[in-house]
Amino acid sequence: MRLATAALILSLTMVVTTDEEDNEHCVYEALPDTDAVICKGLEVFYPELGNIGCMFIPDCNNYRLKITHWPAPTVKFPRALEDATYILVMVDPDAPSRSNPQSRFWRHWLVTDIKGIDLKKGKMWGQELSAYRPPAPPPHTGFHRYQFFIYLQRERTISLLPEENKTRASWKMDRFLNRFNLNEPEASTQYMTQNYQDSPNFQDPGGRSRELKESPKQR
């Protein structure tokens, strides 16, 4: 009985030690100043990572693979006015790559009619015009910026045009903003990541081929 207990304690200690070692190798790197200029008052939380606003997704623990499958993050605007209504926009301006953004902007998420009292708590209880699509940058296209903007909603009804609903790529975001008198964002942030297969520290779980199941339609 004592041997079994000792073995259990040893195995648990090894698991904890391994987790701690993995976390020690995780480097949370802030974005350079040129990319940090849009980071103003908005918080974006993903599982395991916490608030990733204005950061690179760490190249450890397969986070750059995991984020392509995680559900929508928690987005908080602590300074939101409780009686105001807001719009959330998430886009990739670097589609298919930052050096050749022919498909800018790729619309990842669009939510309207968000009450300020909910936004302060990170609750996206609004009208979802474009459901959340996780980041999935194509291989060999470098780092992509994933940008979040919060706008004060002045119009009672916000909608996408039929042609905007046909595709998420090459979205004319500026036209959308002008159409509904959406000026400067109230808050914004972004994070950056690249395709997980381009990461030098990528580890294939189970020792299988590096060609894991990919997200549909990478962008």
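A residue is called buried when its relative accessible area is under 20%, and by this criterion strand 8 (residues 187–193) of the predicted model is mostly covered, with 7 of its 7 residues buried. The covering extends to both faces of strand 8, since Ala187, Thr189, Tyr191 and Thr193 on one side and Ser188, Gln190 and Met192 on the other are all buried. Strand 8 pairs with strand 7 (residues 144–152) in the antiparallel sense over 7 bridges, and within this pairing glutamine 147 has glutamine 190 as its bridge partner.

An open sheet is formed by 3 strands in the order 2-1-3, with antiparallel pairing. Strand 2 (50–51) and strand 3 (74–76) stand at the edges with a single partner strand each, so one side of each is left without a neighbour in the sheet. Strand 1 (residues 43–46) is joined to strand 2 by 2 bridges, and phenylalanine 45 stands opposite asparagine 51 in strand 2.

The whole structure contains 2 disulfides, which follow the pattern 1-4, 2-3 when the bonded cysteines are counted along the chain. In one of them, the sulfur atoms of cysteine 26 and cysteine 60 are 2.1 Å apart, and the torsion about the S-S bond is about 110°, so this disulfide is right-handed. Both cysteine 26 and cysteine 60 are buried. Another disulfide joins cysteine 39 to cysteine 54, with an S to S distance of 2.3 Å; cysteine 39 lies in the loop between helix 2 and strand 1 and cysteine 54 in the loop between strand 2 and helix 3, so the pair ties together parts that are 15 residues apart in sequence. Cysteine 39, at 24% relative accessibility, counts as partly exposed, whereas cysteine 54, at 16%, is buried.

Methods
Residues numbered from 1 in each chain as written. Predicted model: local features only at pLDDT ≥ 70, side-chain atom pairs only at ≥ 80, totals over all residues. Heavy atoms only, no water. Pairing = 2+ DSSP bridges. Helix = DSSP H or I, 4+ residues; strand = E, 2+ residues; numbered from the N terminus. Buried < 20%, exposed > 50% of the residue type's maximum accessible area, 1.4 Å probe, protein only. Disulfide = S-S within 2.5 Å.
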